[in-house]
Amino acid sequence: MASDMRDGDDKLRGFVLRILKATAKAVIFYAVYFFVWFFLAPIAVLVPGLQLMVEAFVVVYIVLMILGDLTGGTIFQYFFSTAKSLFVICYLLFSLQGGILTASYEGVSLLVDLRMFVVVALLLGLVGFAKSILQAINDMNQRAEPKAL
Amino acid sequence: MQLSIRMIGIATTVFWVFLAAFVVLAVYSVKDLNLDFGQPVAGLDADGDLLISLPITIVNRGYTNLEAFRVATQVMGSDGAVIARGSTSVPVVRRDSSVVTTHNVSANLDDLLSRHGSFLFNDTELTLNATVGITLAQLVPVEARANFSVPWGAPLYDFAVGMPAFAPEEATSMVVSVPVSFENHAFFDLEGDIRLLMFDSSDRLVAEGGTALDVAQHTSYSGNIDLVFATSALTSSGKFEVYVHAGLFDYGPLVIPYG
């Protein structure tokens, strides 16, 4: 009975810690976004809808990050980690239109070739994706290993 | 394996930070880039071709060098034929430095006006395709394209040769006075001369004469060209040939029958 109560307390303490960790990470991530946005603000004037697009990315990314942290210690955290990596890859591909951005303003058409940037970012996204898969495999391996008596 | 995965995580985080820093640098390269296009100057080059020069000042106060700056222009007629083109490139504009260059577009007006006579007599719209490109932060090519309509003013707009007025001058000779008028809608002054040749019905030269031209841009000209010829050479029909010689072009013959 006493050990059950201790287990319950430990679980609650662990959950609260995970919530605190997730909150701290979300706040830090948002602070980094806020800091980087301060520097990117000049182009927001030139590209309509950029802030909305970036904010949507940040919101989804933070939600997946929080869910991943809340499900820490279970296999689901790797699902969310993988989903986060896939979201980054898909978001980059769709939002940057394959790396060739075009815009028209008062008869002037502008073309920005971001293919190099997209390739590097996609590779980093793929590395993150591979890392999540490896983590999941490693976790499954550790669970499957017979525990020493 | 746990350590390897952790190292992959740290490495990717470091690379993401580098990538974010690179984006910020690229953005600031644009923000601190100043392109100044001066007033275009039209003139003649050593070959006598029309030369339009556009001074360009590039000031790079960004954090990275700018590469492959290029300006290309193409002037096309209403039929899509290319009339003039020019391109200018600057390989590198180093950070905290400025470069002054001149973009030249040249056109052989003589060749142009002889091939497309309508440019001499009719106002029209020319299409100017302009492309400006630059590579930011040594990795991000940016290109801007624009199409403009540029009005073309004909130097001999509404050119007209009026009815020749014949009058006796002496017992054996006559004088024919041919009124000539036009409007110079061009962006340049017309300096040169206009020559008139008179042929009889058997295409034999009967008389010739001319007058000097000095018609400022956007002004009209009206004058008479007098030709003196022997009365015996006058036939009931024939033709006049008009030749216009200006500094920028030669045109002729413009055949006008009479009789």
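A residue counts as buried when its relative accessible area is under 20%, as exposed when that value is over 50%, and as partly exposed in between. Keep those cut-offs handy, as they come back several times below. One more thing before we start: what you're looking at is a predicted model.

Let's begin with chain A. Chain A is built from four helices and two strands, and if you walk along its sequence, you meet them in the order α-α-α-β-β-α. Of the 149 residues in chain A, 28% are buried. You can also ask how the chain folds back on itself. Take the contacts in chain A between residues at least 6 apart in sequence: 56% of them join residues at least 24 apart.

Now zoom in on some charged side chains. Over all chains, the count comes to nine salt bridges. One of them joins A:Asp69 and A:Lys25, with N and O 3.4 Å apart. This pair ties together distant parts of the chain, since A:Asp69 belongs to helix 2 (residues 50-70) of chain A and A:Lys25 to helix 1 (residues 2-46), 44 residues away. Are the two partners buried or exposed? A:Asp69 has a relative accessible area of 11%, so A:Asp69 is buried. A:Lys25 has 34%, so A:Lys25 counts as partly exposed.

Another salt bridge links A:Asp113 with A:Arg115, and here the closest N and O atoms are 2.8 Å apart. A:Asp113 is buried because its relative accessible area is 13%, while A:Arg115 is partly exposed at 45%.

Next, find A:Asp139 and A:Arg143, whose side chains meet in a salt bridge at 2.7 Å, N to O. How far apart are A:Asp139 and A:Arg143 in helix 4 of chain A? Helix 4 covers residues 115-144, and the two are four residues apart in it, so about one helical turn separates them. A:Asp139 has a relative accessible area of 13%, which means it is buried. A:Arg143, at 45%, falls between the cut-offs and so counts as partly exposed. Over in chain B, salt bridges can also share partners: B:Arg70, B:Glu143 and B:Arg145 are joined that way into one network.

Not every polar side chain needs a charged partner, and a serine in chain A shows this nicely. A:Ser95 sits in helix 3 (residues 76-95) of chain A. Its relative accessibility is 15%, so A:Ser95 is buried. The side chain of A:Ser95 reaches the backbone oxygen of A:Tyr91 at 2.6 Å. Leaving out residues up to four places away in sequence, A:Ser95 touches A:Met53 and A:Leu101.

For a contrast, hop over to B:Val100, in strand 6 (residues 97-107) of chain B. B:Val100 has 60% relative accessibility, so B:Val100 counts as exposed. If you again skip residues up to four places away in sequence, B:Val100 touches B:Ile56 and B:Thr57. B:Val100 and B:Asp36 are 64 residues apart in sequence, with their C-alpha atoms 9.4 Å apart in space.

Finally, let's see how the two chains meet. The contact involves 23 residues of chain B and 28 residues of chain A. The size of an interface is often given as the accessible area lost when the parts come together. Between chain B and chain A, the buried area is about 2300 Å², and carbon and sulfur atoms give 78% of it. What about the polar side of things? Zero salt bridges are found across this interface, but there are four residue pairs in polar contact. Which elements of chain B supply at least two residues each to the side that touches chain A? They are helix 1 (2-31) and strand 8 (140-152). Helix 1 of chain B gives the most, with 13 residues. Sorted by class, the side of chain B that touches chain A has 16 nonpolar, four polar and three charged residues.

Strand 8 of chain B also does some pairing across the boundary. Strand 2 of chain A (residues 108-113) and strand 8 of chain B run antiparallel to each other, paired over five bridges. Look for A:Leu111 to find one such spot, as its bridge partner in strand 8 of chain B is B:Glu143. You've already met B:Glu143, in the network with B:Arg70 and B:Arg145.

Methods: Residues numbered from 1 in each chain as written. Chains lettered and ligands numbered in written order. Predicted model: local features only at pLDDT ≥ 70, side-chain atom pairs only at ≥ 80, totals over all residues. Heavy atoms only, no water. Contact = heavy atoms within 4.5 Å. Buried area = accessible area lost by both parts, 1.4 Å probe. Salt bridge = Lys/Arg side-chain N within 4 Å of Asp/Glu carboxyl O. Polar contact = N/O pair within 3.5 Å; in protein donor to acceptor, adjacent residues only side chain to side chain. Nonpolar A, V, L, I, M, F, W, Y, C, P; charged D, E, K, R; others polar. Pairing = 2+ DSSP bridges. Buried < 20%, exposed > 50% of the residue type's maximum accessible area, 1.4 Å probe, protein only.
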